[in-house]
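Trainee: I am new to this structure. Please show it to me, and let me ask how each label is earned.

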Amino acid sequence: MREPAREPVRADAPDPELDEADTLPTFPPVVIPPADASPAASASAGSSGSSGASGSADSDASARARALLVPVADQRAAAPPAPDVAPVLPGMPAAPRPRVQAPGGDQTEETGPPCPWCQVGNRPDRHFCRRCGMSLADRPGVPEAPLPWWRRIWSFGEGPVPWAGDRPKLRRGIGRIFTWVAYGLALVLVIYAAFNVGTAWNAARDHFAKRAQITPDSAAASRSFGNHPPKLLFDKVNNSWWGPGISGDAEGEWVEAGFKEPTRLLDILITSGISTKAPDLAEAALPHRMDAIITTSDGKKVTRHIKLDQVSGPQRRKFRAQNVISVRFVIRSAFNVGDDKQVSIAEIEFFTRATTSGT
């Protein structure tokens with residue numbers, strides 16, 4: 001039959017098996033002097049110990065007995081660990097406090113240029129940092145994509161947006177002057193367009209309008225040769241011609257076409273020589289440069305410079321003018337000049353807007 005287990009005995013508890021009669025012998029305490037102590041001090045210490053041994057024999061015996069016992073570790077049950085959520089009173093639930101994760105808790109590492117804000121590596125295909133979420137557009141070594149033209153116009157003179165709490169930089173110097181000059185030019189252009197919107201509208205209509213030929217109501221010239229009066233220039237027949245009747249380049253001679261009502265002219269056709277045939281070019285001198293003096297219904301005169309080529313057939317020239325009542329062509333120079341030749345013009349034709357396209 002097994003003996004029942006004995007309870008552990010504490011080191012400072014008296015031994016129950018020892019009765020009062022069986023007491024341990026008492027020995028005088030041995031005093032160990034220090035290493036640097038003298039022999040006299042050691043002898044005095046021994047004598048003093050002998051004299052006090054009789055008075056403390058009982059207490060020393062119990063202390064030595066306790067020292068001989070083997071100490072036993074405390075086998076009390078360990079306290080259970082504290083729960084994550086502490087108990088609370090009924091009806092008062094308390095949620096657990098959130099756990100904050102450190103920024104550097106990423107398990108995966110990426111290689112690539114560092115973020116300009118937090119210096120964490122990111123793949124080249126990322127647009128935002130994987131840690132701080134800032135834009136990587138200003139990443140060193142990556143060229144910034146140019147803005148479209150309409151954004152550059154509206155953002156003229158604007159710099160980067162400052163961060164919250166930062167004082168924006170003041171623009172001083174020549175850059176501010178250029179900004180005000182550009183604003184002034186834009187204002188001038190807006191005012192000019194506002195006052196000339198009618199002219200721009202008429203110019204657009206003249207460009208797309210259909211042309212219709214118009215015949216002058218009168219014709220005059222500084223001089224004429226024989227049976228070649230100035231009205232032959234406007235008879236819509238290109239085998240008749242006008243000439244001043246003098247040789248040379250006929251500088252200063254003129255021919256004029258008149259209109260009874262103010263007319264809007266768009267183009268003119270001028271046929272040089274005595275006909276449209278190429279062999280007839282050598283038969284007469286051909287006008288080279290002419291001045292067209294335009295007289296409008298309000299009495300104003302405008303001069304246009306016309307330059308012609310030495311070719312056969314009609315030559316078209318733009319002739320934008322409105323409210324025209326007369327046009328005088330003054331000869332300034334000529335081709336193929338000779339003593340036996342005079343400057344000749346076969347036909348001059350005027351064109352205006354067709355009635356189907358409006359007046």
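Trainee: How many salt bridges does the structure hold?

Mentor: The structure holds 8 salt bridges. First, some ground rules. This is a predicted model, where local features need pLDDT of at least 70 and side-chain atom pairs count only at pLDDT 80 or more, while totals for chains, interfaces and linings use all residues. Residues are numbered from 1 along each chain as its sequence is written, and side-chain values use heavy atoms, with hydrogens and water left out.

Trainee: What makes Asp-125 and Arg-123 a salt bridge?

Mentor: The term asks for a side-chain nitrogen of Lys or Arg within 4 Å of a carboxyl oxygen of Asp or Glu. In this pair the closest N and O atoms are 3.2 Å apart. So the pair meets the cut-off. Side chains of opposite charge can pair when their charged atoms come close.

Trainee: Why is Asp-125 called exposed?

Mentor: Exposed means over 50% relative accessible area, buried means under 20%, and partly exposed lies in between (1.4 Å probe, protein chains only). Asp-125 has 51% relative accessibility, so Asp-125 counts as exposed. Arg-123 has 36%, so Arg-123 counts as partly exposed.

Trainee: How do you know that Arg-328 and Glu-256 form a salt bridge?

Mentor: Their closest N and O atoms are 2.9 Å apart, so the cut-off is met. This pair links distant parts of the chain. Arg-328 is in strand S6 (residues 314-335) and Glu-256 is in strand S3 (residues 254-272), 72 residues apart. Strands (E, at least two residues) and helices (H or I, at least four) are DSSP runs, numbered from the N terminus. Arg-328 is partly exposed, at 28%, and Glu-256 is partly exposed too, at 22%.

Trainee: What makes Arg-317 and Asp-309 count as a salt bridge?

Mentor: The closest N and O atoms are 3.9 Å apart, so this pair also passes. Elsewhere, salt bridges that share partners join Arg-211, Asp-267, Arg-316 and Arg-320 into one network.

Trainee: Why is there no disulfide between Cys-129 and Cys-118?

Mentor: A disulfide is a pair of cysteine sulfur atoms within 2.5 Å. The sulfur of Cys-129 is 3.5 Å from the closest cysteine sulfur, in Cys-118, so it is too far for a bond. The sulfur of Cys-132 has its closest cysteine sulfur in Cys-129, at 3.6 Å, and that is too far as well. A search of the whole structure finds 0 disulfides.

Trainee: Is Cys-129 buried or exposed?

Mentor: Cys-129 has a relative accessible area of 6%, so Cys-129 is buried. Cys-132 has 33%, so Cys-132 is partly exposed.

Trainee: What makes a nonpolar core?

Mentor: A nonpolar core is a set of buried Ala, Val, Leu, Ile, Met, Phe, Trp, Tyr and Cys residues joined through side-chain atoms within 4.5 Å. The largest one here has 27 residues. Those with the most contacts inside it include Ile-270, Phe-319 and Phe-350. S6 gives the most to this core, with 7 residues.

Trainee: Which residues does Phe-319 contact?

Mentor: Contact means heavy atoms within 4.5 Å. Leaving aside neighbours within four places in sequence, Phe-319 is in contact with several residues, among them Leu-265, Ile-294 and Val-327.

Trainee: In what order do the elements of the chain run?

Mentor: The chain has 5 helices and 7 strands. From the N terminus on, they run α-α-α-α-α-β-β-β-β-β-β-β.
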